[in-house]
Amino acid sequence: MLAISTRGFLWSDVETRTLLNIWGEQDIQTALDGNFRNSHVYRDVARRLGEMGFERTPEQCRVRIKSLKRQFLLAKEGNLRNNGQYHKICKFYDAMERILSSRPQIDPQELLDSGAVGDETMDGTEEEEDTDPPQHPYLESTGECSYPETQVKMEYPPIPIPVTVGNGYSSQSASGPSSSRPKRPKKRHADLPLDSLMERFLEQSAEAEQSFYQLEEQRLQVEDRRREAEHARELHMLQVLGQMFSSIATRNPVAPATTAMPPARNTMESTMQPGVPMSASSHMMRGRSFIERSFSLGTAARTGMDDILPLVKNIVPPLTSKKHKGQDGRIGIIGGCQEYTGAPYFAAISALKVGADLSHVFCTKDAAIVIKSYSPELIVHPVLDSPNAVEEIEKWLPRLHSLVVGPGLGRDDKLLKNAKEVIEKSKARDIPIVIDADGLWLVAQQPSVIQGYQKGILTPNYMEFTRLYEAMYHEPLDSSDHQRSAMELSVAMGNLTVVLKGEEDLITDGNKVILCRQEGSGRRCGGQGDLLSGSLGVLAHWAYASSADMTKSVNPSVVAAFGACSLTRQCNKQAFHKHGRATTTTDMIQEISSAFKKLFES
Ligand SMILES: NC(=O)C1=CN([C@@H]2O[C@H](COP(=O)(O)OP(=O)(O)OC[C@H]3O[C@@H](n4cnc5c(N)ncnc54)[C@H](OP(=O)(O)O)[C@@H]3O)[C@@H](O)[C@H]2O)[C@@H](O)CC1
Ligand SMILES: Nc1ncnc2c1ncn2[C@@H]1O[C@H](COP(=O)(O)OP(=O)(O)OP(=O)(O)O)[C@@H](O)[C@H]1O
């Protein structure tokens with residue numbers, strides 16, 4: 001079942017009811033009952049919830065249940081005193097009652113008075129790893145952990161349970177069943193009508209709950225960032241280790257290896273013949289180490305491009321009347337500023353011509369008017385230089401299948417910063433990200449922005465490649481062996497797919513290299529790279545949406561890159577055939593349809 005993203009802090013009613021159904025299941029209740037350590041039970045609850053299509057962490061489930069129990073207990077106590085009126089304050093009262101009625105009885109007043117409200121007493125929800133000393137009265141009483149600034153206490157109604165005169169209960173009895181208990185604070189609202197008190201109570205408890213979940217959301221975001229940083233650090237360590245082992249094996253088997261970061265270039269000799277891919281194993285035999293990946297070029301690599309082309313054909317989705325608009329691809333281009341309006345247009349229109357259903361351009365305000373005037377087919381958002389650019393673009397991310405960052409982006413710091421944040425957000429959504437042109441400038445300044453992201457694809461021309469390489473290795477590029485250098489760059493970037501464009505396009509994911517030598521022409525008009533990156537955005541989406549069978553377990557990024565290179569070069573050839581020296585990128589874009597058919601649909 002398709003998972004619904006529920007990382008937001010608010011729980012919908014349907015989600016809450018699903019949670020309650022799961023929590024109320026016999027085996028869950030039995031597992032919770034009398035069990036002091038129960039994080040494994042909430043892991044199970046979160047898993048079952050996930051199966052129902054709602055993504056929540058075990059901690060989120062636990063906190064939600066706790067909050068529901070609190071509401072229920074308050075309502076239950078109110079009911080006892082006020083003839084069922086308080087039923088209204090707990091939306092899920094009936095479900096809670098049904099579940100909890102089969103649980104051991106507790107004294108609700110005791111829970112309310114203590115402020116602990118009994119989750120731990122009932123379920124034993126103390127976290128297994130919570131060993132920090134208590135920092136807060138609430139933490140002290142419950143053993144809760146994590147975020148000291150969280151005003152968890154706000155979840156209790158800040159007004160006391162009101163007492164209506166003449167309801168059969170004395171104010172003393174309302175404050176607690178036992179007179180020996182410490183007295184509760186004096187009722188400040190005893191003279192207000194019950195309805196308005198209940199209304200205020202409901203409002204405040206909803207606000208408190210909302211603020212709690214907001215804080216919970218913030219905590220999760222911090223946790224995500226921490227995990228990402230950890231992942232990048234691990235990757236970095238792996239690379240350092242790889243270099244160490246490589247040095248030990250090749251230079252001096254007994255001397256201790258020196259570690260250098262960025263990794264020093266390896267000195268092995270390439271034995272590759274043109275058109276013959278270099279295999280990772282041949283590197284390994286020479287002491288070169290690579291980070292393991294889950295895809296390989298397999299047997300297809302041995303015979304080169306002839307075997308990759310059928311895989312590209314496999315990923316092209318069939319056109320059927322059963323589909324609706326958007327299913328074959330919604331692509332986003334991040335780029336377009338005052339100076340460069342052509343590049344994002346070329347990329348976006350190429351994406352449409354290749355077969356995406358919708359193509360969005362996120363550019364500056366100035367550029368938007370111009371780009372809109374080029375084509376009514378594009379959806380153009382004039383947001384890239386707005387103060388809330390990232391939020392504006394983020395709103396669209398859930399609807400995009402892939403992103404192309406860089407065509408016509410320019411190098412203004414503010415725009416680069418926005419692009420960087422959009423890349424970060426897109427990585428979290430696990431969508432393919434093609435980085436080209438000024439996006440590569442950004443990567444050269446801050447490689448970590450995309451390093452290690454397996455669905456990231458870099459498409460440098462030779463100049464951009466040199467810049468990236470030197471940023472990673474801090475030494476001049478050895479221009480005598482492009483294939484080796486491209487592999488080295490890919491490895492340094494965490495086995496990202498690198499497409500080094502040129503007389504022959506060289507595609508590598510750090511394990512092997514394939515060459516695209518589709519015939520093009522001698523015409524090098526600006527914008528051809530944009531045609532390539534826009535096409536690649538679509539093909540990458542199709543490749544990742546295809547089953548492993550379709551790509552024969554070859555890295556989808558490599559299959560898509562091979563398709564985009566072949567297509568661009570074929571367009572160049574066809575356009576040149578018609579226009580010769582006058583060929584422009586617009587002429588090439590007009591060839592996409594027939595070039596595509598010739599390459600991938602014949
Ligand atoms: N119509 C539009 O709106 C278009 C806008 N575009 C946008 O322009 C922005 C800047 O992109 P960019 O590529 O011009 O910038 P940059 O990386 O500084 O390179 C500049 C210098 O690098 C060199 N050089 C280039 N290729 C090389 C090679 N293969 N091998 C060797 N050298 C090579 C060459 O140096 P030169 O020959 O002048 O010495 C060149 O002058 C970017 O946003 C892009 O998307 C383009 O998409 C085109 C259509
Ligand atoms: N010398 C060449 N011979 C044949 N094809 C080439 C040659 N150089 C580049 N190409 C092809 O042109 C396409 C774009 O590569 P190019 O190097 O022009 O990119 P770019 O500089 O990023 O383009 P842009 O002008 O959009 O910034 C690629 O598909 C590549 O295969």
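**Two ligand sites, salt bridges and a surface patch**

A polar side-chain atom of D438 lies 2.3 Å from an oxygen atom of ligand 1. The protein covers 52% of the 920 Å² of accessible area that this ligand has on its own. These values, like those that follow, come from a predicted model.

Other polar contacts help to place ligand 1. R411 brings a polar side-chain atom to 3.1 Å from an oxygen atom of the ligand, and a polar backbone atom of G342 is found 3.2 Å from an oxygen atom of ligand 1. In total, 18 residues surround ligand 1, and A343, G408, R411, D438 and D530 are the closest. Sorted by class, this shell has eight nonpolar, five polar and five charged residues. At least two shell residues are supplied by each of helix 14 (342–354), helix 18 (437–445) and helix 19 (462–473). Helix 19 gives the largest share, with four residues.

Attention now turns to ligand 2. Here the shell holds 14 residues, of which N461, K501, D505, G527 and R569 come nearest. By class, the shell around ligand 2 divides into one nonpolar, seven polar and six charged residues. Its polar contacts involve both side chains and backbone. A nitrogen atom of ligand 2 has a polar side-chain atom of R524 at 3.3 Å. The side chain of Q528 places an N or O atom 3.3 Å from an oxygen atom of ligand 2, while D530 contributes a backbone N or O atom at 3.2 Å from an oxygen atom of this ligand. Of the 620 Å² of accessible area that ligand 2 has on its own, the protein covers 80%. Two elements, helix 21 (528–545) and helix 22 (556–579), give two or more residues to the shell around ligand 2. The largest share, four residues, comes from helix 21. D530 is thus worth a second look in the viewer: this residue is among the closest to ligand 1, and its backbone also makes the 3.2 Å approach to ligand 2.

What holds charged side chains together elsewhere in the model? Side chains of opposite charge can pair when their charged atoms come close. The structure holds 22 salt bridges, and three of them are described here.

One of these pairs sits within a single helix. D44 forms a salt bridge with R47, and their closest N and O atoms are 2.6 Å apart. Both residues belong to helix 3 (residues 39–51), and because they are three residues apart there, about one helical turn separates them. R47 has a relative accessible area of 43% and is partly exposed.

Another pair links distant parts of the chain. E97 and K76 form a salt bridge whose closest N and O atoms are 3.2 Å apart. E97 lies in helix 5 (residues 93–100) and K76 in helix 4 (residues 58–82), with their positions 21 residues apart in the chain. Both partners fall in the intermediate accessibility class: E97 is partly exposed with a relative accessible area of 30%, and K76 counts as partly exposed at 24%.

A further salt bridge joins two loops. D430 pairs with K455, the closest N and O atoms being 3.0 Å apart. D430 is in the loop between helix 17 (413–428) and strand 5 (433–435), and K455 is in the loop between helix 18 and strand 6 (456–458), so the pair ties together parts that are 25 residues apart in sequence. The two partners have unlike surroundings: D430 is partly exposed, with a relative accessible area of 42%, whereas K455, at 17% relative accessibility, counts as buried, because buried means under 20%.

Salt bridges can also be followed from partner to partner. E25, D27, D44, R47, R48 and E51 are joined into one network by salt bridges that share partners. The D44–R47 pair of helix 3 is therefore part of a wider arrangement.

Finally, the surface carries a nonpolar patch. I369, V370 and Y374 make this patch, which has an area of about 280 Å². V370 lies in helix 15 (residues 365–374), and its relative accessible area of 32% makes V370 partly exposed. This value fits the patch, because patches are made of residues with over 30% relative accessible area.

Definitions and conventions:
Residues numbered from 1 in each chain as written. Chains lettered and ligands numbered in written order. Predicted model: local features only at pLDDT ≥ 70, side-chain atom pairs only at ≥ 80, totals over all residues. Heavy atoms only, no water. Patch = residues over 30% accessible without salt bridge, like charges linked within 9 Å, V, L, I, M, F, W, Y side chains within 5 Å. Areas by Shrake-Rupley, 256 points an atom, 1.4 Å probe, with all protein chains shown as cover. Salt bridge = Lys/Arg side-chain N within 4 Å of Asp/Glu carboxyl O. Buried < 20%, exposed > 50% of the residue type's maximum accessible area, 1.4 Å probe, protein only. Near = heavy atom within 4 Å. Polar contact = N/O pair within 3.5 Å; in protein donor to acceptor, adjacent residues only side chain to side chain. Nonpolar A, V, L, I, M, F, W, Y, C, P; charged D, E, K, R; others polar.
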